Amino acid sequence: MTPPPYPRHRLRLGIAATAAFLGLLWQAGCGSGNVVPGATPTGQSPGTTPIAQPTLPAQQQLPVSLVLGKQGSESGTFNEPGGLTVDSRGNLYVADIMNHRIQKFDAEGKFLAQVGSHGEGEGQFNEPWGVAVDGDGNVYAADSFNHRVQKFDADLNFVLAFGKPASNLEDPEPDVFWGPRDVAVDAGGNVWVADTGTGRVVKYGPDGSLIQPFGGMGSRPGQFKELTSIEIAPGGDIFVADSGNRRVQRFDAGFNFLAEYAVPGWLYVDSIAKPYIALLPDGGLIVSDPTQNKLFRLDARGKPAATLDAEGTALAVPRGVAFDSRGFLYVAEAEPDQVRRLQLSVPAPP
């Protein structure tokens, strides 16, 4: 199959209204087995058994300690913020999708630096959705619609790029992407790319050399449908947001399947509603749900523990999430073009 043309424009109006409508559909029962006649539910391929969906857990309101940005193109403002990550010093990195750049802030929200503009050259982007930082401070960005990953040093100077556009999504070559949405780095400096269009996770060395692709399109363990986010635990386990199958899949460091966690949401996924995940120190997960304007907290066993929202003004199209060492949860909101910092109490790991 020849890949479809990738989007160069996003409709901003009506995102929150659409999300609210879909949330009402969930409450009316669409999320518990009631589907349009003849339709295949999200997370189910014809002839397969869908993963059992949990009920929505109790809601918890989190205090807001900081708000970053507003709609704009100046430094410190955003146009559809996406993936987030925090480095060892507490600095926050934001994939500013429609401004085609990565922005860096200190632990108190002060703007520090940025890299990027719209284009195909070194250090340019076409909608970067995901961002990660390694132990040396090198920054990796999923340059989604240039179909590549770019690496920068700690000062955001360009280092290298790897990957190229796929020409066949049914039988993709090992070293190709189609709209990769996220990237993560393991303790050895290896880079793991969540490639949405080919339904694969692709592993590279720190120098951008291909190691191995994993997965493919489908609903079985180790297969993916609309994977959008990837996180790696300190012990090496890998967590992948398999949003089209309405689950998070967990793998060991060798990418052997360990478990799948049903997500009480992810009803609808399109070019805007891309959910992300973040690991917590207790082994749990934060899962964003842009269509329901909520976050979900899963415990270390993958069971829903809480539905999270912000105190005061509710979350609006939350995408990227990141948790820092001080107990702050950062949330990128696409509709108001801002990042909010919430206070979340997490028990120390056993």
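Leaving aside its neighbours within four places in sequence, which residues is I286 in contact with? Before getting to that, keep in mind that what you're looking at is a predicted model. With that said, the list for I286 runs like this: Y276, I277, A278 and L280 come before it in sequence, and then there are L295, F296, R297, L308, V321, L329 and L344.

Several of those names come back when you look at the core. The largest nonpolar core has 21 residues, and the members touching the most other members are I286, L295, L308, V321, L329, V331 and L344. As for where the core residues sit, β22 (304-310), β23 (318-323) and β24 (328-333) each supply at least two of them. The largest share comes from β22, with 3 residues. As a bit of background, nonpolar side chains in soluble globular proteins tend to be buried together.

Now hop along to Q292, which sits in the loop between β20 (285-289) and β21 (294-298). Is Q292 buried or exposed? It's buried: its relative accessible area is 11%, and anything under 20% counts as buried. The side chain of Q292 also has a polar partner, making a contact of 3.0 Å with the side chain of D289.

Let's move to another part of the chain, where an open sheet is built from 4 strands. Their order is β7-β8-β9-β10, and the pairing is antiparallel. At the edges you'll find β7 (128-133) and β10 (158-162), each of which pairs on one side only. On average, neighbouring strands here are turned by 20° against each other, if you ignore direction. In general, strands of a sheet pair through backbone hydrogen bonds, in either a parallel or an antiparallel way.

To see one of these pairings up close, take β9 (residues 148-152) and β10. The two run antiparallel and share 4 bridges. If you want a spot to zoom in on, K151 stands opposite L160 in β10.

Finally, zoom out to the whole chain. How many helices and strands does the chain have? The count is 1 helix and 25 strands. Of its 350 residues, 58% count as buried. Among the contacts with a separation of 6 or more, 49% are between residues 24 or more positions apart. As for the surface, the chain exposes about 14000 Å², and carbon and sulfur atoms supply 52% of that area.

How values were computed: Residues numbered from 1 in each chain as written. Predicted model: local features only at pLDDT ≥ 70, side-chain atom pairs only at ≥ 80, totals over all residues. Heavy atoms only, no water. Buried < 20%, exposed > 50% of the residue type's maximum accessible area, 1.4 Å probe, protein only. Polar contact = N/O pair within 3.5 Å; in protein donor to acceptor, adjacent residues only side chain to side chain. Core = buried A, V, L, I, M, F, W, Y, C linked by side-chain atoms within 4.5 Å. Contact = heavy atoms within 4.5 Å. Areas by Shrake-Rupley, 256 points an atom, 1.4 Å probe, with all protein chains shown as cover. Pairing = 2+ DSSP bridges. Axes fitted to C-alpha atoms, helices over the stretch in contact; angles between N-to-C directions.
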